[in-house]
Amino acid sequence: MTAGSENGVHPAFEFLRTHRIDTLNVTVEEYRHRRTGARHLHLASDNDENVFFVALRTFPMDSTGVAHILEHTALCGSEKFPVRDPFFMMIRRSLNTFMNAFTSSDWTAYPFASKNRKDFDNLLSVYLDSVFFSMLDPLDFAQEGHRLEFEKPDDPGSPLVYRGVVYNEMKGAMSSATSQLWQTLSSHLFGTTTYHYNSGGEPDHIVDLEYDELVRFYRHHYHPSNAFFATYGNIPAHDHHERFESLALSRFERQDIELPVHDEKRLFAPVRVDQAYAVSEGEPTGHKTHIVMGWLLGHSFDLQANLEAQLMASVLLENSASPLMRALETTDLGHSPSPLCGLEDSNREMTFVCGIEGSEPGQHEALETLIESVIQEVVDTGVSQDRLEAILHQLELHQREIAGDQFPYGLQLIMSAISPMVHGGDPVALLDLEPVLADMREKIRDPAYMPELIRRNLLDNPHRVTLTLRPDDQLEQRRQAAIRAALARKKAALTDDEAAAIVARARSLEERQTRKDDDSILPKVDLSDVPLSLPEPEARFAGDFPATLYARGTNGLVYEQIVVPLPSLTEEELLLLPLYTTCLTEVGCGELDYLQMQDRMSAESGGLTAFSSARGKIDDVQDLSGYLVLNGKALARNREALTRLMKDVFAGARFDEQERLRELIAQIRSRREQSVTGSGHALAMGAASQGLSPGSWLAFRLGGMAAIRGLKTLDDALNEPAELGRLCDRLAALHARFQTQAREFLVIGEDEYLSPMVADLQAAWPDSGTGSGDPWKLTPVNYSVSQAWLTSTQVNFCAKAYSTVPVDHPDAAALTVLGGFLRNGFLHRAIREKGGAYGGGAGQDSVNGTFRFFSYRDPRLAETLTDFDAALDWLQTTEHDPQELEESILGVIGQLDKPRSPAGEARHAFQNRLFGRSAEQEARFRARVLAVTLADLKRVASQWLVPEKASTAVITSPDNRAEIERLGLSTEEL
């Protein structure tokens with residue numbers, strides 16, 4: 001037994017079991033609350049980034065978004081903390097490394113993480129009270145969910161409109177064809193269970209949800225008997241139990257909660273479905289049809305079935321050498337494989353999906369024939385032992401890798417265990433894959449094992465849906481006309497009292513949104529809790545050989561980078577750079593074609609990626625330097641193979657496989673076009689700041705709206721064979737430019753592997769390059785824009801940008817703090833709460849010397865741009881509480897101190913050194929942040945953020961042309 005098991009168990013909890021998982025460096029402890037039956041999974045680790053997670057099983061049986069709206073509304077005030085918005089208020093009063101809430105298809109979760117124990121306890125008290133004792137004020141439901149309001153809230157003569165944060169969030173989410181594709185496919189694969197419905201909510205159904213239904217759903221589902229707790233880190237389970245019991249669980253008794261949990265009724269014959277999705281009126285509809293096939297498989301919580309399904313999906317789809325992926329990439333039926341391709345195993349029953357996009361209506365039979373023939377061929381010919389070993393190698397690598405650069409590592413482990421917890425499986429078995437992988441290695445020795453598995457799951461499985469989703473440039477107009485007509489009928493039927501009630505509710509909501517709550521009832525950390533500094537990973541060097549080494553606890557993985565400075569490039573070469581870096585690791589190499597290289601990478605590494613990186617100097621954003629980086633990782637036993645692989649790719653990649661490059665460009669275009677509805681705020685900020693510094697211009701041209709438009713033009717031109725040949729020649733010429741550049745290397749791994757890795761590098765690279773020609777430089781830029789980028793979207797993304805200062809300028813710290821100050825004090829209320837956008841804020845980008853305002857999934861345009869300016873007026877004319885400044889400073893420190901994975905910390909330190917960001921400079925910036933005053937905020941705003949000098953960009957629908965014209969924005973077609 002480990003600490004936290006039988007002898008030290010809190011009396012309110014029953015100890016169930018403990019299990020050590022060495023590959024994850026955790027000891028799993030499982031408990032059950034005696035009174036309520038609530039389960040607790042504790043992952044004991046020596047990591048001081050502690051994670052808390054509580055999930056409720058939520059099974060909505062309609063698409064009103066009740067679970068999603070409840071997730072938002074539950075965080076708007078509770079019994080112990082009866083303030084309007086404790087969740088967002090705690091973000092400001094905390095040193096959290098993660099705070100959020102999620103609505104999945106069959107569970108809702110509330111996670112957070114912090115490295116500070118006081119902060120962890122503060123957040124725990126607020127989260128538990130919010131989940132189990134939420135106030136659920138009807139006005140919060142109106143704000144977060146939906147409400148009927150007059151277009152001018154105090155004028156019953158103006159038209160009725162729908163407003164609400166989740167309503168607008170889901171209008172934005174469902175603008176994506178991929179989201180509609182998945183939701184439509186799920187609704188036909190699952191005819192009778194909760195997965196038939198959109199748990200996030202369909203906008204047309206969200207408006208049907210009544211407040212009383214929300215309350216009933218809360219009372220039924222949000223009970224400890226329906227809850228799963230999970231924690232990770234170095235706080236003992238006993239301490240968690242003490243807090244769970246005192247803060248929440250002691251007030252509940254066990255409750256039998258009836259939920260509609262059952263398997264799907266199986267189909268006895270495949271089904272074909274044809275549906276439309278909206279594109280902008282007048283937009284060409286050719287090559288925009290999606291066709292996918294989906295199969296319903298077995299239970300996701302059956303570990304054997306789950307791993308078999310993963311193995312099958314990898315055999316068919318893992319990379320371009322996989323037979324089904326190869327067929328989908330090379331077929332003339334469409335442009336590229338569907339983004340849905342793969343295994344979905346988060347629901348109770350798994351689904352396998354494959355298909356294409358960029359097709360035409362009527363091609364579904366031909367696609368079915370193609371897919372069935374490929375699967376049949378795999379069944380007939382079998383799968384090589386080497387290929388199956390390579391896939392198991394990938395599963396082992398994924399299991400071992402300590403991630404945590406995006407999500408806290410502990411939260412990633414918990415998220416992987418939540419599905420079996422919810423569905424009745426064994427979370428411990430899913431976390432400890434080693435024994436199962438060993439069993440699978442034995443099974444794959446039987447040559448009939450894999451073909452029989454594929455036959456059973458796919459060829460002999462009649463529960464299959466083929467979905468054709470075709471574009472319709474009139475659909476959105478019909479939908480909007482129907483909404484307007486319905487609202488007009490509602491308005492015509494209103495009595496005077498009902499109209500007055502709508503006006504009164506809007507006034508009450510406005511008063512609630514502008515009310516200053518007593519935030520002193522909320523716990524907080526303050527500046528005295530902030531560490532003065534954080535240790536940086538120690539770099540070591542390899543004598544005369546140009547390698548930087550970091551000894552890190554990477555759990556048996558090694559990481560390597562080849563880094564070369566960008567040579568002097570023409571603008572044409574520069575704009576080719578993102579295509580080059582994407583294609584570099586996807587093409588053939590030496591005597592191997594791209595299919596053989598894909599197999600080699602899968603067998604020898606965890607994957608290779610390439611990227612370019614450019615930054616200005618710490619005191620001059622106009623003076624840019626840039627690098628090309630080839631990045632790889634592998635299990636330590638494959639370290640020598642990794643070094644050879646990276647050498648071969650860097651030196652020998654070939655760009656003569658024209659059809660392969662044609663496929664890759666089509667796939668890149670598809671991914672980038674689909675990114676607009678999910679990353680519109682970042683793209684709008686990039687467009688607004690494009691002329692304010694060379695780095696901003698580069699980001700806009702290489703990865704922003706201009707890059708997406710350029711990619712579409714290039715992809716269309718490549719239909720001409722001569723253009724395709726010219727592109728291949730240009731990529732090969734650019735590749736040759738990097739071969740003579742001076743190289744340096746980054747090596748990360750456990751201490752015992754560093755010297756052997758350096759020896760491998762020295763053997764592979766006896767000549768590290770000397771460099772030639774002029775260094776890369778960008779011409780300084782200085783211009784502003786007023787642009788509206790038009791695309792198919794139901795919501796808007798707005799941005800304003802200002803030219804400011806680099807990171808080592810004395811004002812950079814105050815501008816950085818100012819972003820959070822404006823968001824917390826003004827923009828959150830004006831843009832999200834009042835305006836109904838899903839998000840909005842402001843921030844300083846000291847890498848490029850710009851300050852940007854933004855909104856995300858926003859129903860408004862002109863009013864939001866006005867609010868950006870109003871935030872600056874509010875700053876200068878309002879008397880501010882010093883507490884608000886401290887909260888903004890804490891927010892900046894929290895971002896600076898956000899932990900990364902062991903390898904991520906080393907990569908970050910190396911990149912800082914590469915671009916002249918020293919530990920001394922970082923300490924200087926941190927000290928300046930801690931010293932910022934309210935007077936500093938007003939001074940830097942008046943000096944750098946002058947509305948007349950703003951650069952503006954929005955991403956919006958062509959339907960808003962009249963408003964765009966009134967705003968004086970030029971239009972840009974995507």
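Reader: Which are the buried residues of H19?

Author: In this predicted model, the buried residues of H19 are Ala499, Ile502, Val503, Ala506, Leu509, Arg512 and Gln513. What covers them includes helix H4 (138-144), strand S8 (147-150), strand S9 (160-163) and helix H28 (812-834).

Reader: What span does H19 have, and what span is expected at 1.5 Å a residue?

Author: Helix H19 covers residues 496-514, which makes 19 residues. From its first C-alpha to its last it reaches 27 Å, close to the expected 27 Å.

Reader: Why are H10 and H11 called oblique to each other?

Author: Two packed helices are described by the angle between their axes and the distance between the axes. Helix H10 (residues 303-317) and helix H11 (residues 323-330) pack at about 40°, and their axes are 4 Å apart. Angles under 35 degrees count as roughly parallel, and 65 to 115 as roughly perpendicular. The angle of about 40° belongs to neither class, and H10 and H11 are therefore oblique to each other.

Reader: Which residues make this contact, and of what kind are they?

Author: Val315, Leu316 and Leu317 take part from H10, while Pro323, Leu324, Met325 and Leu328 take part from H11. The residues of the contact divide into seven nonpolar, no polar and no charged.

Reader: How do you know that Cys728 is too far from the closest cysteine sulfur for a bond?

Author: A disulfide requires two cysteine sulfur atoms within 2.5 Å. The closest cysteine sulfur to that of Cys728 is in Cys583, at 9.1 Å, and is therefore too far for a bond. A search of the whole structure finds zero disulfides.

Reader: What makes Cys728 and Cys798 count as buried?

Author: Buried means under 20% relative accessible area. Cys728 has 3% relative accessibility and so counts as buried. Cys798, at 0%, therefore counts as buried too.

Reader: Why is Thr582 called partly exposed?

Author: The class of partly exposed residues lies between the buried ones, under 20%, and the exposed ones, over 50%. Thr582 has a relative accessible area of 30% and is therefore partly exposed. Thr582 is found in helix H20 (residues 571-584). Not counting residues up to four places away in sequence, Thr582 touches Ile668 and Arg671.

Reader: Is Ser346 buried, partly exposed or exposed, and where is its place?

Author: With a relative accessible area of 29%, Ser346 is partly exposed. Its place is in the loop between strand S14 (342-344) and strand S15 (349-359). Ser346 touches Asp106, Ser419 and His423, with residues up to four places away in sequence not counted.

Terms used: Residues numbered from 1 in each chain as written. Predicted model: local features only at pLDDT ≥ 70, side-chain atom pairs only at ≥ 80, totals over all residues. Heavy atoms only, no water. Helix = DSSP H or I, 4+ residues; strand = E, 2+ residues; numbered from the N terminus. Expected span 1.5 Å × (residues − 1). Buried < 20%, exposed > 50% of the residue type's maximum accessible area, 1.4 Å probe, protein only. Contact = heavy atoms within 4.5 Å. Axes fitted to C-alpha atoms, helices over the stretch in contact; angles between N-to-C directions. Parallel < 35°, antiparallel > 145°, perpendicular 65-115°, else oblique. Nonpolar A, V, L, I, M, F, W, Y, C, P; charged D, E, K, R; others polar.
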